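Here's a quick look at where a predicted model leaves open space, plus a word on one of its residues. Have the structure open as you read.

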Amino acid sequence: MIERPKLRLKEIQRRILREILVWIPAHAAAHGFVPGRSALTHAALHTGRPAVLRVDLEDFFASVTAARVYAIFRTAGYPEAVAHTLTGLCTNACRLDVPTSLRRRLATPHLPQGAPTSPALANLAAHALDRRLSGLGANYSRYADDLTFSGGHRIRGLLPALAAIARDEGFRVNPRKTRLMSSGGRQTVTGIVVNARPNVPRPEYDRLKALLHNAARDGPGGLDRDEVLGRIAWVASLNPARGRKLRSRFATIEWSTR
C-alpha cells in the first residue's frame, strides 16, 4: 500500500530526513536504508551457514504509529510542540477498503509507505526489536521488514521467541513468508544467493543474458538502456566475472535503432 505524499510535503520530509533523521544512528543489525549498508551487506552476514531462517514482518510501516514517531522525536531532544509538528508531517491516516487488520492500521496515524522519512523512522522504531533479536544467540540482521537469522539447524527453534518479541515491540510476524533454508538447497537473502558467497541467482542471470542476446540480434525495442545497465551493475556487484560477460553482450546492442 503506497501512500505517496504530495510534492511540497515530500520536500519537507526530505529536509527532515536530511537535517534530523540521518544523524540518529540505527541499530547495527539494520541494513535497509542506512548509509554504508545495503542488501549486499545484509546478505553477506549469512554466507556459508548451515541454515538460514528468513522471517517477514506484516505491514511494517503501518505498524509504526504516530505515538512511536512522537517518542522518537522527543527522545532526540525536541520540545513537545516541535515533536508533535514533526510527527504530523511524517505520519498519515486513511480509510480504504482493504483487509480488516490492515484497514485498522491505516486508519490510525502511522508511517506512510512512500514517504522519504518512513524508512529511517521505521528503523529507529525497530531499534529495541533489533537489540532483543540480536540477543537470541543466532547471527541476525534486518533489511526493512525482512528479518534474517543464520547458524545451525536449531535456529528454527527461535521462531516462538522471535514472534513473541516482535509482538511485544508492536510488530507481527507473517507466518506465510517464514522460510528455513538449509545449505543443501539454495539459500537466498534479499534475492541474493548466500550458500558459498553472495551471488546472483542463476535464473536471474540467465534471463538477463537472454534479454541482451535478443536485443543484440533484433534490436532493443522498448528496452530502457539505463535500466538494463542498472541490472548489469547489480549482477557485477555480486559476481564481477558474470558482470563482465553481460557488459560485453551489452556493447553489441545498437541502441540507435530504437
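Leu 9 comes out as partly exposed, because its relative accessibility is 31%, and partly exposed is the label for anything between the 20% and 50% cut-offs. You'll find Leu 9 in helix α1, which covers residues 7–19. Compare its position with Leu 124: the two are 115 residues apart in sequence, and their C-alpha atoms sit 21 Å apart in space.

Now for the pockets. Here are the two side by side.

| Pocket | Volume | Lining residues | Lining by class |
|---|---|---|---|
| Largest pocket | about 390 Å³ | 22 residues | eleven nonpolar, four polar, seven charged residues |
| Second largest pocket | about 210 Å³ | 15 residues | 13 nonpolar, one polar, one charged residues |

Which residues lie nearest the centre of the largest pocket? They're Glu 58, Asp 59, Phe 60, Leu 102 and Gln 113. As for secondary structure, β1 (51–57), α5 (100–107) and β4 (173–182) each chip in at least two residues of that lining.

Over in the second largest pocket, the residues nearest the centre are Val 22, Phe 33, Val 34, Pro 35 and Ala 120. Helix α6 (residues 118–125) gives the largest share of this lining, with four residues. Look at the classes, too: the second largest pocket has just one charged residue in its lining, while the lining of the largest pocket has seven.

Note on methods. Residues numbered from 1 in each chain as written. Predicted model: local features only at pLDDT ≥ 70, side-chain atom pairs only at ≥ 80, totals over all residues. Heavy atoms only, no water. 1 Å grid on protein atoms, 1.4 Å probe; cavity = no way out; pocket = protein on both sides within 12 Å on 5 of 7 lines; lining within 4 Å. Points joined across faces, edges and corners; volume = space filled by probe spheres on them. Nonpolar A, V, L, I, M, F, W, Y, C, P; charged D, E, K, R; others polar. Buried < 20%, exposed > 50% of the residue type's maximum accessible area, 1.4 Å probe, protein only.
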